[in-house]
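Trainee: I should like to learn how to read a protein model. Where shall we begin?

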Amino acid sequence: GQLLRIPELGRIFLGHEQKTVANLPRLREILRQMAVTAPLAALEALQTVPGIGRNLATKLLAMHLPEKFVVINEPVQSALGRFGYELEMHNIVTSEAYERFLNDLKFFIEECEAVGLRPAAALDAFFYHFRDKDVVGQG
């Protein structure tokens with residue numbers, strides 16, 4: 001249950017905490033399968049666990065392979081929208097839409113790797129910084 005209390009790992013949907021905890025064995029099995037099969041295939045399976053949406057599902061992928069996967073959350077979607085990039089994603093993200101998103105970010109990911117940064121962490125930090133700077137600038 002401690003994993004669900006770490007804010008940086010995403011939040012389970014409010015009101016779903018008990019359902020999510022009750023489904024931890026299923027979540028563990030999906031994560032085990034993710035480690036031995038194609039991780040992208042686990043994205044949609046993760047989101048079938050009550051309380052887990054795109055934020056936590058993509059964070060779990062990014063924790064598993066930070067050099068390949070990045071997080072999709074509100075700060076990312078908001079900042080990208082300010083740059084004119086509209087995500088075709090809502091609370092649930094399909095593996096196809098996520099793969100297109102990763103392909104669109106390929107240049108950023110390559111730049112991160114070239115300077116020794118992990119793309120998942122770098123992207124998350126950039127978008128949080130951009131959002132926080134934007135919020136302060138509007139105040």
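**Surface, fold and one helix pair**

Mentor: The accessible surface of the protein comes to about 8,200 Å², and 57% of that belongs to carbon and sulfur atoms; such areas come from the Shrake-Rupley method with a 1.4 Å probe, and for residues only the protein chains shown count as cover. This is a predicted model, in which local features need pLDDT of at least 70, side-chain atom pairs count only at pLDDT 80 or more, and totals for chains, interfaces and linings use all residues. Residues are numbered from 1 along each chain as its sequence is written, and side-chain values use heavy atoms, with hydrogens and water left out.

Trainee: How many helices and strands does the protein have?

Mentor: Helices (H or I, at least four residues) and strands (E, at least two) are DSSP runs, numbered from the N terminus. The protein has 8 helices and 0 strands.

Trainee: At what angle do helix α2 and helix α4 pack?

Mentor: Axes are lines fitted to C-alpha atoms, for helices over the stretch in contact, and angles run from 0 to 180 degrees between N-to-C directions. Helix α2 (residues 24-36) and helix α4 (residues 54-64) pack at about 40 degrees, with their axes 11 Å apart.

Trainee: Which residues meet there?

Mentor: Contact means heavy atoms within 4.5 Å. From α2, Leu 27, Leu 31, Met 34 and Ala 35 meet Leu 60, Leu 61 and His 64 of α4.

Trainee: What share of the residues in the protein is buried?

Mentor: Buried means under 20% relative accessible area (1.4 Å probe, protein chains only). Of the 139 residues in the protein, 40% are buried.

Trainee: What share of contacts joins residues 24 or more positions apart?

Mentor: Among contacts in the protein with a separation of 6 or more, such residues account for 60%.

Methods:
Buried < 20%, exposed > 50% of the residue type's maximum accessible area, 1.4 Å probe, protein only.
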